[in-house]
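User: I'd like to learn how to read a protein fold, one feature at a time. Could you walk me through this one?

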Amino acid sequence: GQGQGQGQGQGQGQGRGQGQGQGQGQGQGQGQGQGKEQRQGQGQGQGQFQGQGVRGKQAMMEETDAELEALLTSPLAVEAVMKEGDFEPLAICGRNADVGSVEDFAALQKYAQCPPINRNKPILLLEGYRAYGLTGNNLIEFLHAIQEARDMDISLGIMSKSWAMNLLLKMWMAIESNDWRIQFERAFCVKLFNNEKQLEGWDIVRPDTQELFFYRTDSPLDEYVASQGHVLRTLFRNYNTGEGKDVSGLPVQDMCSGINAIFGEKERSSAMYSVIHSRSLEGEPGYRLLRVLSKRSGCDRAAALEMKPDYIKAILKPLGMTKHPIVFITDGQNPAVLERLLADPDLGPMIRTVPEEACWIGGDLTLAIMSNAFIGNPASTFTGFIAKSRLALGFGHNYLFRAKDENWEWKSVCGDECIFDKSIMHVMA
């Protein structure tokens with residue numbers, strides 16, 4: 001066919017098609033429907049494309065690596081995601097993020113245009129099943145991997161059967177469609193590999209996960225916050241809702257399960273609530289780590305571990321949040337923390353815990369990230385990820401670094417961006 005170089009799109013909600021003819025009828029089509037992310041090809045509510053010169057989804061899946069790379073990095077592909085007039089502010093579990101579309105759009109302009117990924121440049125590879133530490137550490141390792149690749153001006157690759165894919169797909173980017181691979185690679189500017197044979201001819205950098213955890217960028221703080229913030233917003237633009245499968249082919253859980261269990265789907269969007277994250281960090285090691293952070297930030301040496309009622313009330317009373325639900329999430333290592341809060345006449349009646357059937361890491365994360373006020377332990381990487389995500393989504397009222405002033409009143413002693421500051425958080429930044 002000659003190809004007119006244009007495609008027509010039809011779909012529910014916002015169905016649009018954009019195409020461009022190349023050579024003998026080649027082109028591209030992209031559509032959007034019902035507020036979901038951009039897709040290619042055919043899909044319910046996401047655009048069905050008609051017209052000469054527009055390739056469907058199946059043809060896209062059959063592209064060679066070189067052709068696929070050209071599609072993913074073409075100005076047309078980026079433009080379709082980045083049209084400011086069409087860009088929708090972010091909402092998670094029915095609750096709006098507090099970052100404006102203009103700010104997020106500016107980050108997309110800088111970070112969404114993926115550089116070419118080919119054998120001409122080294123590639124940092126995430127592989128293997130074992131990672132360093134628990135979920136909080138693993139999330140840092142993934143974020144550090146993206147940052148290290150940017151800092152070194154090299155590409156980032158991920159083995160499809162690896163700790164990184166197992167971590168991510170349980171909470172974000174569930175496999176729901178045949179074009180999932182394209183969406184994932186474009187979202188994070190990475191290349192996925194299925195087996196060792198596909199690695200032939202690549203100049204591979206193979207860090208272990210402990211090296212990734214201890215990686216420290218030389219980027220200025222403001223650039224680092226912007227770079228990491230874009231990745232975090234990308235994750236939460238693609239949070240799992242219970243639809244789709246993970247890398248093992250198992251059904252994924254709903255990241256909204258905690259919010260839904262406590263407030264219900266009808267009330268969750270308007271619910272006012274706080275979250276306390278209690279992380280004991282195996283007792284004495286937790287106190288030692290918090291003492292180190294205390295020397296760097298000026299925070300109290302024990303308060304964020306003990307979470308005593310006076311500490312919590314000093315935060316929530318001035319906000320008027322002692323009159324609203326206070327959700328308690330914990331590692332369960334120190335039950336005395338919850339017992340003290342329940343026994344307090346002011347806090348006890350407002351304390352809520354997540355029902356066991358809805359309690360899991362992803363649900364707890366989202367519950368804390370979308371709260372109106374968050375109180376956590378800066379020595380916990382899990383708290384750190386929550387605080388970083390809240391900052392990326394535009395939320396204030398993060399209470400991690402607190403100490404008593406000369407009048408013995410509790411005050412914040414380090415700003416929200418301290419959680420990203422390597423001079424304070426060291427490798428946990």
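**Reading the fold step by step**

Analyst: Let's start with a single pair of residues: Val275 has Phe374 of strand β14 as its bridge partner. Please keep in mind that this is a predicted model.

User: Which strands does that pair belong to, and in which sense do they run?

Analyst: The general idea is that strands of a sheet pair through backbone hydrogen bonds, either parallel or antiparallel. Here, strand β11 (residues 274-278) and strand β14 (residues 373-375) are joined by three bridges in the parallel sense.

User: What is the order of the strands in the whole sheet?

Analyst: Five strands make up this open sheet, and reading across you find β13-β12-β11-β14-β15, with parallel pairing. The edges are held by β13 (351-353) and β15 (398-399); each has a single partner strand, so one side of each lacks a neighbour in the sheet.

User: Which helices pack on this sheet, and at what angles?

Analyst: Helix α15 (residues 361-369) lies across β11, β12 (326-330) and β14, and runs at about 140° to β12. Helix α16 (residues 381-392) also packs on the sheet, where it touches β11, β14 and β15; its direction makes about 155° with that of β14.

User: Is helix α15 mostly covered or mostly open?

Analyst: A useful general idea first: an α-helix has 3.6 residues a turn, so residues three or four places apart point the same way. In this case, helix α15 is mostly covered, with eight of its nine residues buried. The buried residues are Gly362, Gly363, Asp364, Leu365, Thr366, Leu367, Ala368 and Ile369.

User: What does the other open sheet look like, the one with β7 in it?

Analyst: That open sheet has four strands in the order β9-β8-β7-β10, and the pairing is parallel. Its edges are β9 (191-193) and β10 (204-205), each with a single partner strand, so one side of each is without a neighbour in the sheet. Inside the sheet, β7 runs parallel to strand β8 (residues 155-159), and four bridges join them. Leu124 stands opposite Leu156 of β8, while Leu126 stands opposite Ile158 of β8.

User: How do I read the two faces of strand β7?

Analyst: In a regular strand the side chains alternate between the two faces of the sheet. Strand β7 (residues 123-126) has Ile123 and Leu125 on one side and Leu124 and Leu126 on the other. All four are buried, and both faces of β7 are covered.

User: Which helices lie across these strands?

Analyst: Helix α5 (residues 135-152) lies across β7 and β8, at about 145° to β8. Helix α7 (residues 180-188) lies across β8 and β9, at about 130° to β9.

User: Let's turn to single residues. Where is Phe420, and is it buried or exposed?

Analyst: Phe420 is in the loop between β17 and α17. Its relative accessibility is 2%, so Phe420 counts as buried. For its surroundings, set aside residues up to four places away in sequence: Phe420 then touches Leu221, Tyr224, Val225, Gln228, Leu232, Lys388, Leu391 and Ala429. Phe420 is also 36 residues from Gly384 in sequence, yet their C-alpha atoms are 8.6 Å apart in space.

User: And what does Asp421 do about its charge?

Analyst: Asp421 lies in the loop between β17 (410-412) and α17 (422-425). Asp421 is buried but has no salt bridge, and the nearest side chain of opposite charge, that of Lys422, is 6.2 Å away. The side chain of Asp421 does make a polar contact with the side chain of Ser423, at 2.7 Å. Beyond neighbours within four places in sequence, Asp421 is in contact with Leu221, His426 and Ala429.

User: How would you read Tyr287 in the same way?

Analyst: Tyr287 sits in helix α11 (residues 284-297). At 25% relative accessibility, Tyr287 counts as partly exposed. Leaving out neighbours within four places in sequence, Tyr287 has contacts with Arg301, Ala302, Leu305 and Glu306. Tyr287 and Arg301 are 14 residues apart in sequence, and 7.3 Å apart from C-alpha to C-alpha.

User: Finally, what is the picture for the chain as a whole?

Analyst: The protein chain has 17 helices and 17 strands. Of its 429 residues, 53% count as buried. Among contacts between residues at least 6 apart in sequence, 70% join residues at least 24 apart.

Notes:
Residues are numbered from 1 along each chain as its sequence is written. This is a predicted model: local features need pLDDT of at least 70, side-chain atom pairs count only at pLDDT 80 or more; totals for chains, interfaces and linings use all residues. Side-chain values use heavy atoms; hydrogens and water are left out. Two strands pair if DSSP finds at least two bridges between them. Contact means heavy atoms within 4.5 Å. Axes are lines fitted to C-alpha atoms, for helices over the stretch in contact, and angles run from 0 to 180 degrees between N-to-C directions. Buried means under 20% relative accessible area, exposed over 50%, partly exposed in between (1.4 Å probe, protein chains only). Lys and Arg count as positive and Asp and Glu as negative; His and the chain ends are not counted. A salt bridge is a side-chain nitrogen of Lys or Arg within 4 Å of a carboxyl oxygen of Asp or Glu. A polar contact is a pair of N or O atoms within 3.5 Å; within protein, one must be able to donate a hydrogen and the other to accept it, and residues adjacent in sequence count only if both atoms are side-chain atoms.
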